[in-house]
Amino acid sequence: MWTNMKRKIGLLGIIGLFILVVLASGCTDQKNNQTTPVNNSSTTNTSTVKEVDVSAKMTGPATATKGSTVTINCSVTNKGSKPVQNVLAHSQDFDKNLGTLNAGQTKTFTWNMYIPTDKQVQEDFGTNTTVSNPFSIGGFAVTFTDNNGSKHTINSNSLEIKLS
C-alpha cells in the first residue's frame, strides 16, 4: 500500500512540474499549439536596428585558365548601428587586420591565388589527379568584438571559377 502511494505522489509531482513549466513559459495558443510570450507593452511605429550586423563577401573572375593567377576581392561591411573592433579576416592564404569598422563602413582588400596545372597537381598527388573544374575557393572567416566586448565570427561566401 505504501509503494502504491509513493507512485501516486511521484506521478502527481511530475504532472505538477509539467504544468509549472507550461505556465512559466507563457500562454499557449490553442489554435496552433505554439507558445506565445505575454506582452503587456503597447508600441506603435517600431523598427528594429541591429547594433551588430557585419557581412563578408568575396568576388573573383567567372573564368580562368589552369596555371594562371587570379585576383580575389574581399570586403567586410559593418551594416550595424555601432562600431566593431579588432576586425580580423583570415583564411589559409591570408591574415588581414582591418582594425575598427564604424557603422556603415566597408573595408576591402585583395589577394592573388595561383590555380595550378594538372601536371603540377599530379607531381604532388599522383598521375590520376586533376584540378577540379569549376575551381572552388572556400570563404574566409572574420572575427570581431562588439561594443559590449562580445566576440563574433562570421564567414564569407565561397567562389567557383570555371576553368577554360
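**Figure 1. Overview of the protein chain.** The protein chain holds two helices and twelve strands, and the model shown here, as in every view below, is a predicted one. Followed along the sequence, these elements come in the pattern α-β-β-β-β-β-β-β-β-α-β-β-β-β. The chain has 164 residues, of which 24% count as buried, and its accessible surface comes to about 11,600 Å², with 51% of that surface belonging to carbon and sulfur atoms. Among the contacts in the chain with a separation of 6 or more, 59% are made by residues that stand 24 or more positions apart.

**Figure 2. The open sheet with strand E12 between E4 and E9.** Three strands form this open sheet, in the order E4-E12-E9, and their pairing is mixed. The edge strands, each of which pairs on one side only, are strand E4 (63-64) and strand E9 (135-137). Between E9 and strand E12 (residues 159-163) there are three bridges, and these two strands pair in the antiparallel sense. One residue to look for here is Phe 135, whose bridge partner in E12 is Ile 161.

**Figure 3. Strand E10 and the two strands, E6 and E11, that are joined to it by bridges.** Strand E10 (residues 141-145) is largely enclosed by the rest of the structure, because four of its five residues are buried. E6 and E10 run antiparallel and are joined by four bridges, while E10 and strand E11 (residues 151-155), which also run antiparallel, are joined by five bridges. Thr 143 is a useful residue to find in this view, since it is the bridge partner in E10 of Leu 88 and also stands opposite Thr 153 in E11. E10 and E11 form a hairpin with five residues between them, and in the turn Gly 149 has a positive phi of about 90°.

**Figure 4. Asn 97 in strand E7 and its surroundings.** Asn 97 has its place in strand E7, and with a relative accessible area of 62% this residue is exposed. When its neighbours within four places in sequence are left aside, Asn 97 is in contact with Val 87 and Leu 88; of these two residues, Leu 88 is the bridge partner of Thr 143 in E10. The C-alpha atoms of Asn 97 and Thr 143 are separated by 9.9 Å, although the two residues are 46 residues apart along the chain.

**Figure 5. The aromatic cluster of Phe 94, Phe 109, Trp 111 and Phe 140.** The structure holds four aromatic pairs. A pair of aromatic rings is described by two quantities, the distance of the centres and the angle of the planes. For Phe 94 and Phe 109 the ring centres are 5.2 Å apart and the planes stand at 70°, so this pair is edge-to-face, an angle over 60 degrees being counted in that way. The pair links distant parts of the chain, for Phe 94 is in the loop between strand E6 (84-90) and strand E7 (95-101), whereas Phe 109 is in strand E8 (residues 106-114), 15 residues apart. Phe 94 counts as buried at 8% relative accessibility, and Phe 109 is likewise buried, with a relative accessible area of 10%. Ring pairs link these two residues with Trp 111 and Phe 140 into a cluster.

**Figure 6. The largest nonpolar core.** This core has 29 residues, and those with the most contacts inside it are Ile 72, Val 76, Trp 111, Ile 137, Phe 140 and Val 142. At least two residues of the core are supplied by each of strand E3 (54-59), strand E5 (69-78), E6, E7, E8, E9, E10 and E12, and the largest share, four residues, comes from E5. Trp 111 and Phe 140 can be recognised from the previous view, where they are members of the cluster linked by ring pairs.

**Figure 7. The salt bridge between Asp 118 and Lys 66.** Side chains of opposite charge can pair when their charged atoms come close. A search of the whole structure finds one salt bridge, in which the side chains of Asp 118 and Lys 66 meet at 3.0 Å, N to O. This pair links distant parts of the chain, with Asp 118 in helix H2 (residues 118-125) and Lys 66 in the loop between E4 and E5, 52 residues apart. Asp 118 counts as partly exposed at 23% relative accessibility, and Lys 66 is partly exposed as well, with a relative accessible area of 31%.

Terms used. Residues are numbered from 1 along each chain as its sequence is written. This is a predicted model: local features need pLDDT of at least 70, side-chain atom pairs count only at pLDDT 80 or more; totals for chains, interfaces and linings use all residues. Side-chain values use heavy atoms; hydrogens and water are left out. Two strands pair if DSSP finds at least two bridges between them. Rings of Phe, Tyr and Trp (its six-membered ring) pair if their centres lie within 6.5 Å; planes under 30 degrees apart count as stacked, over 60 as edge-to-face and the rest as tilted. Buried means under 20% relative accessible area, exposed over 50%, partly exposed in between (1.4 Å probe, protein chains only). A nonpolar core is a set of buried Ala, Val, Leu, Ile, Met, Phe, Trp, Tyr and Cys residues joined through side-chain atoms within 4.5 Å. Contact means heavy atoms within 4.5 Å. Accessible areas come from the Shrake-Rupley method with a 1.4 Å probe; for residues, only the protein chains shown count as cover. A salt bridge is a side-chain nitrogen of Lys or Arg within 4 Å of a carboxyl oxygen of Asp or Glu.
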